[in-house]
Amino acid sequence: MNPKVDDYLENLEKWQKELEALRHIILDCGLTEDFKWRNPCYTFEGKNIVLIGGLKDYCTLSFLKGVLLKDTENILKRPGPNSRFVKLIPFKSVKEINELQPILKSYIYEAIALEKAGIKVDLKKNDALEYPDELEEKFKEDSEFKSAFENLTKGRQRGYLLHFSGAKQSKTRTSRIEKYEERIYDGKGINDCVCGLSKKMPNCDGSHKQLE
């Protein structure tokens with residue numbers, strides 16, 4: 001056990017028992033305990049496999065290459081819309097953790113086996129962009145708009161797609177597309193400066209508010 005992890009757990013105000021339970025399960029799988037990114041991190045031959053940590057509403061067991069796991073139990077979640085590789089399992093009680101212990105161990109052993117085999121995340125596959133239906137319809141209606149969007153860098157395209165797809169209602173997704181239409185024609189990303197006053201070009205730093 002790593003003394004840095006001991007200190008981390010002792011100073012927690014929440015999720016201490018839950019993280020202790022996860023810690024014992026992980027160590028029982030033969031991983032080495034380290035402390036990285038302000039969280040307990042568990043490695044295999046120096047390669048990062050899983051992290052544990054506490055958030056406001058739950059604690060987590062995070063797999064650094066979670067996208068490679070089969071997830072036969074359908075329990076892995078994405079930490080956020082921008083997450084590409086990491087997947088996590090949220091917990092709110094020691095009971096939940098104990099009930100899932102055999103499954104958690106099987107997931108950890110699978111992650112170790114992937115690392116032993118040297119399997120890496122397919123960056124090209126993971127870079128595939130998903131287009132909401134409303135944007136596909138817009139492309140059909142306006143080929144020039146489609147060309148303008150496709151001429152954007154992959155990063156700018158991804159930024160727009162995350163924003164468009166983040167709306168739950170179709171009406172909202174459509175209005176977001178319409179709102180940024182001119183910006184897309186200008187070759188600008190969703191967070192790019194359009195007023196020319198930013199000191200952090202090409203990113204916007206809020207200088208446009210001087211014009212309002």
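Here are three short exercises on this predicted model, each with a worked solution.

**Exercise 1: a glutamate in a helix**

Find which element holds Glu115, work out whether Glu115 is buried or exposed, and list which residues Glu115 touches.

*Solution.* Start with the element: Glu115 belongs to helix α3, which covers residues 94-116. Next, take the relative accessible area of Glu115, which is 16%. Buried means under 20%, so Glu115 counts as buried. Finally, look for partners, leaving out residues up to four places away in sequence: Glu115 touches Phe44, Lys47, Asn48, Ile49 and Lys65.

**Exercise 2: two helices side by side**

Describe how helices α1 and α2 pack and which residues make the contact.

*Solution.* Begin with the geometry: α1 (residues 3-10) and α2 (residues 16-28) have axes 9 Å apart and meet at an angle of about 155°. Angles over 145 degrees count as roughly antiparallel, so α1 is roughly antiparallel to α2. Then pick out the residues: α1 brings Val5, Asp6, Tyr8, Leu9 and Glu10, while α2 brings Gln16, Leu19, Glu20 and Arg23. Sorted by class, this contact has four nonpolar, four charged and one polar residue.

**Exercise 3: the second largest pocket**

Find how much space lies in the second largest pocket and which elements and classes of residue make up its lining.

*Solution.* First, the space in the second largest pocket is about 200 Å³. Its lining includes Asn39, Thr60, Pro79 and Leu88. Two elements, β3 (47-54) and β4 (59-63), each give two or more residues to this lining. The largest share, four residues, is from β3. Last, sort by class: seven lining residues are nonpolar, five are polar and none is charged.

Conventions:
Residues numbered from 1 in each chain as written. Predicted model: local features only at pLDDT ≥ 70, side-chain atom pairs only at ≥ 80, totals over all residues. Heavy atoms only, no water. Buried < 20%, exposed > 50% of the residue type's maximum accessible area, 1.4 Å probe, protein only. Contact = heavy atoms within 4.5 Å. 1 Å grid on protein atoms, 1.4 Å probe; cavity = no way out; pocket = protein on both sides within 12 Å on 5 of 7 lines; lining within 4 Å. Points joined across faces, edges and corners; volume = space filled by probe spheres on them. Nonpolar A, V, L, I, M, F, W, Y, C, P; charged D, E, K, R; others polar. Axes fitted to C-alpha atoms, helices over the stretch in contact; angles between N-to-C directions. Parallel < 35°, antiparallel > 145°, perpendicular 65-115°, else oblique.
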